[in-house]
Amino acid sequence: MTGKDVNFTPGDERWMAHAVRLSRRALGNTAENPPVGCVIVRGGMPVGLGWTATGGRPHAETEALAMAGEAARGATAYVTLEPCAHHGRTPPCADALVRAGIGRVVVAVTDPDPRVSGKGLERLEAAGIEVGTGLCEEQARRVLAGFLSRIERGRPHVLLKLAVSADGRIAAEPGRPTAITGPEALARAHLMRARSDAILVGAGTVKADDPSLTCRLPGLEDRSPVRIVLDDDLSIPEDCRLVATSDRVPTWIFTTLEAREKALEFQKAHPHVRIMPVAHEETGRVSPEAVLERLAQEGINRLMVEGGAQVARSFAERGLVDEAAIFSAPHKVLGEGAVKALAGLPLETLTGGEMEAVEETPLGPDVLRVYVRRRNDGTG
């Protein structure tokens with residue numbers, strides 16, 4: 001039997017869950033490739049472990065097979081995404097599994113990439129390997145969400161992060177940085193940065209906060225995402241931290257097509273900054289849809305949107321938020337004059353309707369609640 005007709009055992013679920021955990025290690029570190037995990041098991045014991053390496057290669061299966069060596073013969077491979085079947089910069093992983101003598105392959109998610117899309121499974125089955133699919137699919141899809149979104153929808157997976165007071169505010173007043181949550185929440189937010197390919201803010205946030213937008217967790221400093229600014233008329237200070245450190249951490253500025261001449265001058269003065277003119281809306285603002293389309297073309301799988309209120313609203317009201325991470329400070333009230341989290345749009349836009357609560361975690365005095373958009377294919 002093949003595919004979803006296979007009767008999986010509790011042992012199968014255990015090892016695939018382990019493969020999913022391994023895949024999380026690759027989040028934000030695989031360039032345009034998917035973050036995949038692989039566990040090779042023989043005689044009830046793991047003999048090979050792998051996850052997609054920095055830059056997207058070697059692939060998870062290659063890493064796990066290298067560890068397993070001859071012990072891979074007759075073993076079961078648990079892989080979170082269908083093994084590739086095309087020649088890219090590396091040979092097909094499906095062929096590598098066949099050559100290694102793997103006896104059985106269990107896959108969580110089939111690959112929607114037209115270059116693969118069932119072809120990897122067909123190669124395995126043609127070689128006489130038993131294949132099962134769909135095990136721990138929902139857990140694996142959450143890790144693979146960025147890659148799947150870019151392939152299937154032509155845009156990155158969008159995570160909107162907010163830190164809000166008990167009354168739904170994000171700052172005491174416009175243009176004034178306000179600490180909302182404590183160190184535990186801040187550390188979790190920095191881990192989200194490390195797991196993202198890019199992080200996005202508006203020009204207003206740059207002017208008000210002069211942020212670094214890097215990951216500053218010990219040991220993960222090299223996992224800082226590409227830093228993106230939406231700047232309609234290229235008005236951010238040219239001596240801000242993002243520009244000053246663009247030779248160390250990639251910095252991209254999206255502006256309007258009308259600002260092209262100004263963009264050329266800015267680019268000459270700051271060659272390490274990438275200026276990307278895109279279409280604008282009737283309001284003269286950069287189009288979020290145009291930005292997402294361009295980011296997908298650049299191989300960005302996971303985008304973290306971090307501020308400010310107007311930028312958050314622009315993504316939320318268009319239904320472009322796939323995941324919302326809301327850090328709440330239950331004991332902090334900023335009052336009516338403070339800045340509303342979504343610039344007047346109800347916070348319920350991110351917590352109800354098509355959004356489903358999937359996590360609630362205490363972080364010191366604060367609480368993190370995560371909501372994800374329900375899939376529209378009838379599977380939840």
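When I say that a helix lies across a strand, contact means heavy atoms within 4.5 Å, and any angle I quote is taken between N-to-C directions, on a scale from 0 to 180 degrees. With that in hand, and bearing in mind throughout that this is a predicted model, let me begin with helix α5, which lies across β6 (157-165), β12 (302-307), β13 (323-329), β15 and β16 (366-373), and which runs at about 100° to β12.

The strands I have just named belong to an open sheet of nine strands, whose order is β11-β10-β9-β8-β12-β6-β13-β16-β15 and whose pairing is mixed. At its edges are β11 (273-278) and β15 (355-363), each of which pairs on one side only. If we ignore direction, neighbouring strands of this sheet are turned by 20° against each other on average.

Let me take two of the pairings here in more detail. Strand β10, residues 251-256, runs parallel to β11, and six bridges join the two; on this stretch W252 stands opposite R274 in β11. Further along the order, β8 (198-202) pairs with strand β9, residues 226-230, in the parallel sense over five bridges, and there I199 stands opposite R227 in β9.

Is β8 enclosed or open to the outside? Five of its five residues are buried, so β8 is largely enclosed by the rest of the structure. As a reminder, in a regular strand the side chains alternate between the two faces of the sheet. In β8 both faces are covered, with A198, L200 and G202 buried on one side and I199 and V201 buried on the other.

Part of the surroundings of this strand comes from helix α6 (183-194), whose buried residues pack against β8 as well as β6, β12, β13, β15 and β16. Those buried residues are A185, A189, H190, M192, R193 and A194. The helix itself has twelve residues and reaches 17 Å from its first C-alpha to its last, which is close to the 16 Å expected at 1.5 Å a residue.

Just ahead of α6 comes G182, placed in the loop between β7 (169-171) and α6. The cut-off for buried is under 20% relative accessible area, and because G182 has 17% relative accessibility, this loop residue counts as buried. For a sense of distance, G182 and E356 are 174 residues apart in sequence, and their C-alpha atoms are 25 Å apart in space.

Let me now turn to the second sheet, which is also open and is formed by five strands in the order β2-β1-β3-β4-β5, again with mixed pairing. Its edge strands are β2 and β5 (130-133), each pairing on one side only, and the twist averages 15° from one strand to the next. Helix α2 packs on this sheet, touching β1, β2 and β3, and its direction makes about 140° with that of β2. At the β5 side, four bridges join β4 to β5, which run parallel, and the bridge partner of V107 in β5 is T133. Helix α4, residues 119-126, lies across β4 and β5 and runs at about 150° to β5.

After α2 (60-68), in the loop that leads to β3 (76-81), we find A71. With 23% relative accessibility, A71 counts as partly exposed. Which residues does A71 contact, once its neighbours within four places in sequence are left aside? The contacts are with R42 and V47, and the C-alpha atoms of A71 and R42, which are 29 residues apart along the chain, are separated by 7.2 Å.

I will finish with helix α1, whose buried residues pack against β1 (37-42), β2 (45-51), β3, β4 (104-109) and α5. The buried residues are D12, W15, M16, H18, A19, V20, L22 and S23. At 1.5 Å a residue, the 15 residues of α1 should span 21 Å, and the end C-alpha atoms are 22 Å apart, which agrees.

How, then, does α1 meet the α5 with which I began? The axes of α1 (residues 10-24) and α5 (residues 137-153) come within 10 Å and cross at roughly 10°, which means that α1 is roughly parallel to α5. In this contact V20, S23 and R24 of α1 meet Q139, A140 and V143 of α5, and by class it has three nonpolar, two polar and one charged residues. Helix α5 thus touches both α1 and the strands I listed at the outset, among them β6 and β12.

How values were computed:
Residues numbered from 1 in each chain as written. Predicted model: local features only at pLDDT ≥ 70, side-chain atom pairs only at ≥ 80, totals over all residues. Heavy atoms only, no water. Parallel < 35°, antiparallel > 145°, perpendicular 65-115°, else oblique. Nonpolar A, V, L, I, M, F, W, Y, C, P; charged D, E, K, R; others polar. Buried < 20%, exposed > 50% of the residue type's maximum accessible area, 1.4 Å probe, protein only. Pairing = 2+ DSSP bridges. Expected span 1.5 Å × (residues − 1).
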